[in-house]
Amino acid sequence: MAADVMDAGEFDAYTKGKTFYYGSRGEPYGAEEYLANRRVRWTFLDGKCQEGVWYEEEGLICFVYENQPDPQCWSFERSAGGLIAQFENDPAQTELYEVRQTDEPLMCMGPDVGV
């Protein structure tokens, strides 16, 4: 039996105001901070952050980032261990899972820090 895919209301209620760290295949993958008004901040854990927004389309949660204008659409499910995200642009490619969540904001380096 398939788990229930979260809609925008459920996703917003679960994520808003928190930062989630995601893993893939046993390795750290990235982190996303979920802000008010469906804004997000993503990092591949390299100190560089991308600002973006999310919206619901055809039951998927889609993200658009400042440097990636093509929507990245995911299905999100809640499991006993937390969120599971399946990349729907290429379902064979990426499945992420929640490693941990925190109320702490992401640590992002600004552009040209130290120059």
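**Close-up views of a predicted model**

**Figure 1. E33, R41 and E51 are joined in a network of salt bridges.** The model shown here and in the following views is predicted. Within the network, R41 pairs with E51, their closest N and O atoms being 2.7 Å apart. This pair links distant parts of the chain, since R41 belongs to strand 3 (residues 39-43) and E51 to strand 4 (residues 49-57), ten residues apart. The side chains of R41 and E51 are also joined by a polar contact of 2.7 Å. R41 forms a further salt bridge with E33, in which the closest N and O atoms are 3.0 Å apart. The two acidic partners of R41 may be described by their accessibility. E33 has a relative accessible area of 9% and is buried, whereas E51, with 30%, is partly exposed. The structure holds three salt bridges; the pair D12 and K16 is shown in Figure 4.

**Figure 2. R41 in strand 3 and its surroundings.** With neighbours within four places in sequence left aside, R41 is in contact with A31, E32, E33, L35, C49, Q50, E51, L106 and C108. The list thus includes E33 and E51, the residues with which R41 is linked in the salt-bridge network. For a sense of scale, S75 may be taken as a reference. R41 and S75 are 34 residues apart in sequence, and their C-alpha atoms are 18 Å apart in space.

**Figure 3. Q50, a residue of strand 4.** Q50 has a relative accessible area of 16%; because the limit for a buried residue is under 20%, Q50 counts as buried. Leaving aside neighbours within four places in sequence, Q50 is in contact with V40, R41, W42 and F44, and also with Y65, E66 and N67. Among these contacts, R41 is found in strand 3.

**Figure 4. Helix 1 (residues 8-15) and its buried residues.** The buried residues of this helix are A8, F11, D12, Y14 and T15. Seen down the axis of helix 1, the buried residues fall within an arc of 165°, so they line one face of the helix. In general, an α-helix has 3.6 residues a turn, so residues three or four places apart point the same way. At the N-terminal end, D7 caps helix 1, with a side-chain oxygen 3.1 Å from the backbone nitrogen of G9. The side chains of D12 and K16 meet in a salt bridge with an N to O distance of 3.7 Å. Of these two partners, D12 counts as buried at 17% relative accessibility, while K16 counts as partly exposed at 45%. Just after helix 1, G17 takes a positive phi of about 85°.

**Figure 5. The largest nonpolar core, with 19 residues.** Those with the most contacts inside this core are F11, Y22, F63, F76 and L83. Helix 1, strand 1 (19-24), strand 3, strand 5 (60-65), strand 6 (68-79) and strand 7 (82-87) each supply at least two residues of the core. F11 is also among the buried residues of helix 1.

**Figure 6. Y22 and the residues in contact with it.** Neighbours within four places in sequence are again left aside. The contacts of Y22 include P28, Y29, G30, E32 and Y34, together with W42. Y22 is also in contact with F76 and L83, two of the residues named with Y22 for having the most contacts inside the largest nonpolar core. The remaining contacts of Y22 are L96, Y97, E98 and V99.

Technical notes: Residues numbered from 1 in each chain as written. Predicted model: local features only at pLDDT ≥ 70, side-chain atom pairs only at ≥ 80, totals over all residues. Heavy atoms only, no water. Buried < 20%, exposed > 50% of the residue type's maximum accessible area, 1.4 Å probe, protein only. Helix = DSSP H or I, 4+ residues; strand = E, 2+ residues; numbered from the N terminus. Arc of directions from axis to C-beta. Polar contact = N/O pair within 3.5 Å; in protein donor to acceptor, adjacent residues only side chain to side chain. Core = buried A, V, L, I, M, F, W, Y, C linked by side-chain atoms within 4.5 Å. Contact = heavy atoms within 4.5 Å.
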